[in-house]
Amino acid sequence: MSTSSSAQSRLIGDKIEFFCHCNRQLRVQTSTSRANPGKRYVKCDTCRVYEFLDDDLPSQYYKDLVYGFFQRQRGRDNGPMIEALALEKSKLEEELKVTKSRLEDELNSRNAK
Ligand SMILES: [Zn+2]
């Protein structure tokens, strides 16, 4: 735990919430950086307050382990999203083709009259 008094934790219901000294509620985020992988932190963009909630991992071995976990997770998460976007794109292209040919048909039939 950090000993700095910039961010304060308050127990609300059964959840600990964090607040900046400017009274803004701070969202707990998890770092995925190589230097501090897996460490939770809170930050206030207004005051540039940045505080870690967890202690450092005991060794570089653990850091690499956790960092590797995030790297793999990132790769897995992006895969299905890219597939979904590609599918969406091909659907839209198909729709565009149909709409275009309908418009052309309509124009042709109008011109024929
Ligand atoms: Zn603040």
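In the predicted model, the protein exposes about 9,200 Å², and carbon and sulfur atoms supply 52% of this area. Of the 113 residues in the protein, 19% are buried.

The overall dimensions were compared with those expected for a globule. A compact globule of 113 residues would have a radius of gyration near 13 Å, whereas the value for the protein is 26 Å. Along the principal axes, the C-alpha atoms occupy a box of roughly 85 × 40 × 30 Å. Among contacts with a separation of 6 or more, 30% join residues that are 24 or more positions apart.

The secondary structure consists of six strands and one helix. Read from the N terminus, the order of these elements is β-β-β-β-β-β-α.

A zinc ion is bound by protein donors, namely the SG atoms of Cys-20, Cys-22, Cys-44 and Cys-47. These atoms lie 2.2 to 2.3 Å from the zinc ion. Along the chain, the donors follow the spacing C-x1-C-x21-C-x2-C. The angles subtended by the four donor atoms around the zinc ion are 108 to 111°. The arrangement is therefore tetrahedral, because all angles lie between 85 and 135 degrees, as is required of four donors. For four tetrahedral donors, the ideal angle at a metal is 109.5 degrees.

Accessibility was examined for two of the zinc donors, Cys-20 and Cys-22. Cys-20 has a relative accessibility of 2% and therefore counts as buried, the limit for this class being under 20%. Cys-22 has a relative accessibility of 36%, so Cys-22 counts as partly exposed.

How values were computed
Residues numbered from 1 in each chain as written. Predicted model: local features only at pLDDT ≥ 70, side-chain atom pairs only at ≥ 80, totals over all residues. Heavy atoms only, no water. Donors = N, O, S within 2.8 Å, 3.2 Å for Na, K, Ca; no water. Tetrahedral: all angles 85-135°; square planar, octahedral: opposite > 155°, others 65-115°. Buried < 20%, exposed > 50% of the residue type's maximum accessible area, 1.4 Å probe, protein only. Helix = DSSP H or I, 4+ residues; strand = E, 2+ residues; numbered from the N terminus. Rg over C-alpha atoms; globule rule 2.2 N^0.38 Å. Contact = heavy atoms within 4.5 Å. Areas by Shrake-Rupley, 256 points an atom, 1.4 Å probe, with all protein chains shown as cover.
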